[in-house]
Amino acid sequence: MKIDVNGSPREIDAANLAAALEQLGWGEARVATALNGRFVPVSARPGTPLSTGDRLEVLAAMQGG
Amino acid sequence: MRDFYGVTLDNPLMLGTAQYPSPAVLEAAFRESGAAIATVSLRRERGEGQAFWDMVRSLGVHILPNTAGCHSAREAITTAQMAREYFETDWIKLEVIGHDDTLQPDPFELVAAAEALCADGFKVFPYMTEDQVIATRLVEAGCRVLMPWGAPIGSGLGLTNPFALRSLRAAFPDIPLVVDAGLGLPSHAAQAMEMGYDAVLLNTAVAQADDPAAMARAFALAAQAGQIAARSGPMPARDMAAPSTPLIGKAFL
């Protein structure tokens, strides 16, 4: 299925958010996630299904003021 | 002494981590200044997040994640939730921008976000305009720190509305106050601290200096000087001269 990851279209074949992160190369990475504008904690990722057209944001630490 | 959600700072300088020429210079700025708090943000992961996070953690200072760039309460709340998990802290510098040219906080969205986040257990550091009514609403929402701007972010103009900043200090004697944004020179930091503010938060004035580490130290010294002055009871200003040398005993010549 096609979803949007950090603003870019990606083809994903994963049943849930945890599996999708694995597929995208962030399996071991320290990241924070939001799906369609809502925060998804680490513990909820395996139980969060994905659908075509979902918007996934994968964030990490960055310089800030 | 006023503390920051139970944390007493031994240095009234809070420093941003953006815009430095290199990570080594950033580290030197923190080392030279002894800044007690580092602000950080969350952005789309491009493979550099972990290294940056490891470096910031190694500074050994308190971490204050921000919601920079958010324009609505909804965005800011989601960002705060993500930051709490990522940075493992319930501290959040709440920024909700209302105007693109001035980066002025949107007071309505700010208060709405503060209410939701305080209710959810966050310890909110709201970046706000110097308006006393907004300050009251934020305290009612549960904020125990207020961070009025000195001037627009990155402008370096200093304290553009000293009257309002003084009024806030008088109106909220028990709330820690931080001048956040707009400081350009160490004297601006000293001025804020002389008014009885509890800390100053800045980034650009240090990061964009020719020698950021030395400038960070200058800001820290100025802030500490202002803090000592505020605690020492500054004399009231007056319009007329008052001779400091005694008149008694002056020779008749």
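Trainee: What makes L15(B) and V200(B) stand out in the largest nonpolar core?

Mentor: They touch the most other members of that core, which has 87 residues. This is a predicted model. Helix 3 of chain B, residues 73-87, gives the most to this core, with eight residues.

Trainee: Which residues does L15(B) touch, not counting those up to four places away in sequence?

Mentor: Contact means heavy atoms within 4.5 Å. By that rule L15(B) touches Y20(B), A29(B), F30(B), S33(B), A35(B), I37(B), A38(B) and T39(B). Also on the list are L202(B), V206(B) and A216(B).

Trainee: Why are A14(A), A20(A), L50(A) and V58(A) placed in another core?

Mentor: A core is a set of buried nonpolar residues joined through side-chain atoms within 4.5 Å. These four are among the 15 residues of a core that lies apart from the largest one. So the two sets count as separate cores.

Trainee: How do you know that strand 1 and strand 5 of chain A pair?

Mentor: Pairing needs at least two bridges. Strand 1 (residues 2-5) and strand 5 (residues 55-63) of chain A have two bridges, so they pair. They run parallel. D4(A) has R55(A) as its bridge partner.

Trainee: In what sense do strand 3 and strand 5 of chain A pair, parallel or antiparallel?

Mentor: Antiparallel, over four bridges. Strand 3 covers residues 32-35. T33(A) stands opposite V58(A) in strand 5 of chain A. V58(A) is also one of the 15 residues in the other core.

Trainee: What makes strand 5 of chain A a partner for strand 2 of chain B?

Mentor: The bridge count again. Five bridges join strand 5 of chain A to strand 2 (residues 37-44) of chain B, against a cut-off of at least two, so the strands pair. The sense is antiparallel. M62(A) stands opposite S41(B).

Trainee: Why are strand 4 and strand 6 of chain B called edge strands?

Mentor: Each pairs on one side only. The open sheet has three strands in the order 4-5-6, with parallel pairing. Strand 4 spans 91-94 and strand 6 spans 147-148.

Trainee: How many bridges join strand 4 of chain B to strand 5 of chain B?

Mentor: Four, and the strands run parallel. Strand 5 of chain B covers residues 123-128. There, V124(B) is the bridge partner of I92(B).

Trainee: Where does UniProt place the feature "domain: Thiazole synthase ThiG"?

Mentor: At residues 5-246 of chain B, in an unreviewed entry. The end C-alpha atoms of that span lie 48 Å apart. The span is 42% helix and 14% strand.

Conventions. Residues numbered from 1 in each chain as written. Chains lettered and ligands numbered in written order. Predicted model: local features only at pLDDT ≥ 70, side-chain atom pairs only at ≥ 80, totals over all residues. Heavy atoms only, no water. Buried < 20%, exposed > 50% of the residue type's maximum accessible area, 1.4 Å probe, protein only. UniProt positions renumbered as here; feature names shortened; annotations may be inferred.
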